[in-house]
Every structure is written in C-alpha cells, then in structure tokens.
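Here is a relaxed walk through one protein model, meant for someone meeting it for the first time. Have a look at the picture, then read on.

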Amino acid sequence: MSVFLVVVAFVFAFAPSLTAPFTGDATDAVVVADRSADRLANDLLVEDPSRPAVLDADCTAGFFDTDEPVDGDCRYDTDASDLQGALGLWSPVRTANVSVVGEGGVRVLGDGADAVSLTAGPSPPRGADVSVARRAVLLDGSDATVIVRVW
C-alpha cells in the first residue's frame, strides 16, 4: 500500500511539469520585454554605441514618427510603424507597446504643431498578463525612461 501511495504522489507531483512546455505561459514575455528595452536604449536609438543610454533626439523622434520615412543616419531600418519588426518580435503571440516618458508623463519632443509624442503600439488589453521592462536614458539633455510592455 505504501508503494502505491508513493507512486501516486510522484505522478501528481511531476505530471504538470511534463506538460509545461506545451502550455502557454508568460515567462518568455519577461525576456522579450527586457531584450526589447535593451535593444532600444543601447542600440537602435543611441547617438553612439560606445555611449549606451544616451539617445539621439532626432532619431528617437523619427522612430516614433511613423508618417516620415526612416532617416538613413539612424541606427534602425524599421521605425515604430512596424514595431514588431523593429524590436525583432517575430512571434505572432506577442504584442508590444513602447513609450519614452519623462518626469511629467509622456515625453514630448518639439513645440507646438511639430511636437512628437513618444509612444508606439497598442495599449495592453484589460486583464492581460503584461511584462514591463524599463531603462533609464538621457534624451535631449534630460532624464527619461524607455518603457516596453509585452503581453
């Protein structure tokens, strides 16, 4: 009887781990958000790769301005109009939202009609399991934060 109980306990303890690779969970979203934030703050939007987290103001504004063509002087080939491609998210099950915020909320570069709001991608749906990664950056001489949300 004791051998039977040990075998039953073993099956109940380890059966969920046998199906874990085939069930959907959000653990990879943490890695995707972290990698995307690093890519933006340390590679795509920087002035000089040897100075990570110091963003080029013109290239950053151009990345989020999807109406203008991609500037050839910037370090990215695809702007926020194809956010999934720019971040390297080839999985159709993951969606991303990127924002650059300063002390007063959404960071805006420029004045008046030329102002550019630095946010791209859809907002996460209510109740979604959202993974968030943040990177502190310097944008146009001011402290800012790159925020990447993945769900």
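Helices here are DSSP runs of H or I with at least four residues, strands are DSSP runs of E with at least two, and both are numbered from the N terminus. By that rule, valine 3 sits in helix H1, which covers residues 2-19. Before going further, keep in mind that this is a predicted model, where local features need pLDDT of at least 70, side-chain atom pairs count only at pLDDT 80 or more, and totals for chains, interfaces and linings use all residues. Residues are numbered from 1 along each chain as its sequence is written, and side-chain values use heavy atoms, with hydrogens and water left out.

**The overall layout**

The protein has four helices and eight strands. If you read along the sequence, they come in the pattern α-α-β-α-α-β-β-β-β-β-β-β. Of its 151 residues, 35% are buried (buried means under 20% relative accessible area, exposed over 50%, and partly exposed in between, with a 1.4 Å probe and protein chains only). About 9,100 Å² of the protein is exposed, and carbon and sulfur atoms supply 55% of that; such areas come from the Shrake-Rupley method with a 1.4 Å probe, and for residues only the protein chains shown count as cover. Contacts (heavy atoms within 4.5 Å) often reach across the chain: among those between residues at least 6 apart in sequence, 53% join residues at least 24 apart.

**What sits inside**

Nonpolar side chains tend to be buried together in soluble globular proteins. A nonpolar core means a set of buried Ala, Val, Leu, Ile, Met, Phe, Trp, Tyr and Cys residues joined through side-chain atoms within 4.5 Å. The largest one here has 34 residues, and Leu40, Leu45, Phe63 and Phe64 touch the most other members. At least two residues of this core come from each of helix H2 (27-44), H3, H4, strand S2 (96-102), strand S7 (131-139) and strand S8 (142-150). H2 gives the largest share, seven residues.

Who does leucine 45 touch, once neighbours within four places in sequence are set aside? The list is Leu40, Leu55, Asp56, Cys59, Thr60, Phe63, Phe64 and Tyr76.

Alanine 120 is another residue to find in the picture, this time in strand S6 (residues 119-120). Its relative accessible area is 7%, so alanine 120 counts as buried. Beyond neighbours within four places in sequence, alanine 120 is in contact with Phe64, Ala80, Leu83, Ala96, Asn97 and Val98. The C-alpha atoms of alanine 120 and phenylalanine 63 are 9.2 Å apart, although 57 residues separate the two along the chain.

**One sulfur link**

How many disulfides does the structure hold? There is one, taking a disulfide as a pair of cysteine sulfur atoms within 2.5 Å. It joins cysteine 59 to cysteine 74, with 2.0 Å from S to S. The link of cysteine 59 and cysteine 74 is left-handed, at -90° about the S-S bond. Cysteine 59 belongs to helix H3 (residues 57-64) and cysteine 74 to the loop between H3 and helix H4 (83-87), so the pair ties together parts 15 residues apart in sequence. Cysteine 59 is buried at 6% relative accessibility, and cysteine 74 is buried too, at 9%.

**Charged pairs**

A salt bridge is a side-chain nitrogen of Lys or Arg within 4 Å of a carboxyl oxygen of Asp or Glu. The whole structure has five of them, including these three.

| Salt bridge | N to O distance |
|---|---|
| Arginine 94 and aspartate 28 | 2.5 Å |
| Aspartate 34 and arginine 135 | 2.1 Å |
| Arginine 51 and glutamate 47 | 4.0 Å |

Arginine 51 is partly exposed at 43% relative accessibility, and glutamate 47 is partly exposed at 47%. Elsewhere, salt bridges with shared partners join Asp34, Asp38 and Arg135 into one network. In that network, arginine 135 is buried at 18%, while aspartate 34 is partly exposed at 34%. As for the pair of arginine 94 and aspartate 28, arginine 94 is buried at 11% and aspartate 28 is partly exposed at 36%.

**Back to the surface**

Valine 3 is exposed, at 62% relative accessibility. Together with Val7, Phe10, Val11 and Phe14, Val3 makes a nonpolar surface patch of about 500 Å². Patches are made of residues with over 30% relative accessible area and no salt bridge, joining like charges within 9 Å and nonpolar side chains (Val, Leu, Ile, Met, Phe, Trp, Tyr) within 5 Å.
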